Amino acid sequence: MQGKVAVITGGASGIGKRTVERFLEEGGRAVVADIQDAAGERLCETLGPAARFVHCDVTREEEVAAAVALAESSWGRLDLMFNNAGRPGVPDPIETMPTEGWDATMAVLVRSVMLGIKHAAPVMTRQGSGAIVNTASVAGLIPGSTATAYSVAKSAVIQLTKCAALELAGHGIRVNCICPGVIATPIFGRSAGLPTQLDAKVAEEASRNAAAMHPIGREGRAEDIAEGVLYLADDRAGFVTGIALTIDGGLAAG
Ligand code: NAD
């Protein structure tokens with residue numbers, strides 16, 4: 001990642017944070033775009049001048065555009081757009097689905113990815129190169145594995161990835177997504193050494209249940225996913241576009 005520049009949404013926590021750290025360890029520089037200002041600023045202070053934080057709500061087009069602009073004004077280029085920010089969707093079944101909750105889920109998980117691609121693509125087109133990576137989920141591959149709204153949103157991210165890959169291939173831009181299994185991050189309140197809203201006993205049980213879902217026998221870790229993102233961002237993946245890279249300890253294989 002030497003000399004490369006990234007925008008990483010949802011970079012203040014979990015998968016995004018670990019990807020920021022790994023990207024910088026490999027010699028890159030990154031804009032951390034998130035709504036968690038305190039956590040994002042703290043992370044960037046720790047990492048030094050190769051990381052810059054920007055408050056960015058990924059559902060708001062002007063804020064996504066500003067995050068991309070900050071990368072370009074800071075370091076003159078954009079090599080990786082990691083559209084990763086997310087949160088659990090509304091849990092309801094369709095018959096009792098709150099329409100606003102459905103729309104909010106689609107905005108944070110799908111509109112956000114479209115906006116990230118929309119604003120990264122012109123910069124990468126000018127360069128003639130770039131990699132876009134979107135965070136989908138095994139939930140987007142297996143109906144019924146999680147709540148409907150989340151599953152549908154992640155499935156849309158996979159299709160959006162493929163459509164964008166076809167649209168942008170002629171500009172030297174590769175677009176791929178990752179499908180994580182169950183990863184120990186704060187998103188669903190799980191623990192495994194990370195901050196959680198759940199009490200320790202409940203978190204431990206959630207962690208055990210999650211481990212049992214993966215044939216490999218453990219929960220996923222943020223670094224498992226970060227390594228996949230770095231691969232897709234790397235020139236070694238120069239012939240890879242339009243794929244959904246599943247990193248799930250064998251969950252989706254069963
Ligand atoms: P996380 O909660 O640790 O990180 C998510 C980050 O996204 C947080 O920093 C949060 O502030 C940020 N975010 C939420 N809404 C935002 C918004 N509107 N604008 C900007 N930032 C926003 O969780 P994570 O597990 O690291 O999640 C990262 C991605 O991975 C998400 O898209 C999630 O759906 C996906 N994912 C997670 C798992 C898992 O088991 N953890 C599995 C599959 C996919």
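How many nonpolar, polar and charged residues make up the shell around the ligand? The legends below refer to a predicted model.

**View 1. Residue classes and nearest neighbours in the ligand shell.** The shell around the ligand has 12 nonpolar, 12 polar and three charged residues by class. Of the 27 residues around the ligand, those that come nearest are G10, G14, G86, T185 and I187. Helix α1 (residues 14-25) supplies the largest share of this shell, namely three residues.

**View 2. The chain and its order of elements.** Seven helices and seven strands form the secondary structure of the chain. Read from the N terminus, the elements follow the order β-α-β-α-β-α-β-α-β-α-β-α-α-β. The radius of gyration is 17 Å, close to the 18 Å given by the globule rule for 254 residues, so the chain is as compact as a globular protein of that length. The C-alpha trace spans about 45 × 35 × 35 Å along its principal axes. Of the 254 residues, 46% count as buried. Among contacts between residues at least 6 apart in sequence, 66% join residues at least 24 apart.

**View 3. The buried and exposed sides of helix α2 (residues 37-47).** G40, L43 and C44 are buried in this helix. Seen down the axis of α2, its buried residues fall within an arc of 95° and therefore line one face of the helix. An α-helix has 3.6 residues a turn, so residues three or four places apart point the same way. The cover over the buried residues of α2 includes α1, β2 (29-34) and β3 (51-55).

**View 4. The outward face and the end of helix α2.** The exposed residues A38, E45 and T46 lie on the face of α2 turned away from its buried side. Just after α2, G48 adopts a positive phi of about 90°.

Notes
Residues are numbered from 1 along each chain as its sequence is written. This is a predicted model: local features need pLDDT of at least 70, side-chain atom pairs count only at pLDDT 80 or more; totals for chains, interfaces and linings use all residues. A residue is near a molecule or strand if its C-beta atom, placed from the backbone, lies within 6 Å of it. Helices (H or I, at least four residues) and strands (E, at least two) are DSSP runs, numbered from the N terminus. Ala, Val, Leu, Ile, Met, Phe, Trp, Tyr, Cys and Pro count as nonpolar, Asp, Glu, Lys and Arg as charged, and the others, Gly among them, as polar. The radius of gyration is taken over C-alpha atoms; the globule rule is 2.2 Å times the number of residues to the power 0.38. A residue is buried if 20 or more other C-beta atoms lie within 10 Å of its own, exposed if 12 or fewer, and partly exposed in between; C-beta atoms are placed from the backbone. Two residues are in contact if their C-beta atoms, placed from the backbone, lie within 7 Å. The arc is that of the directions from the helix axis to the C-beta atoms.
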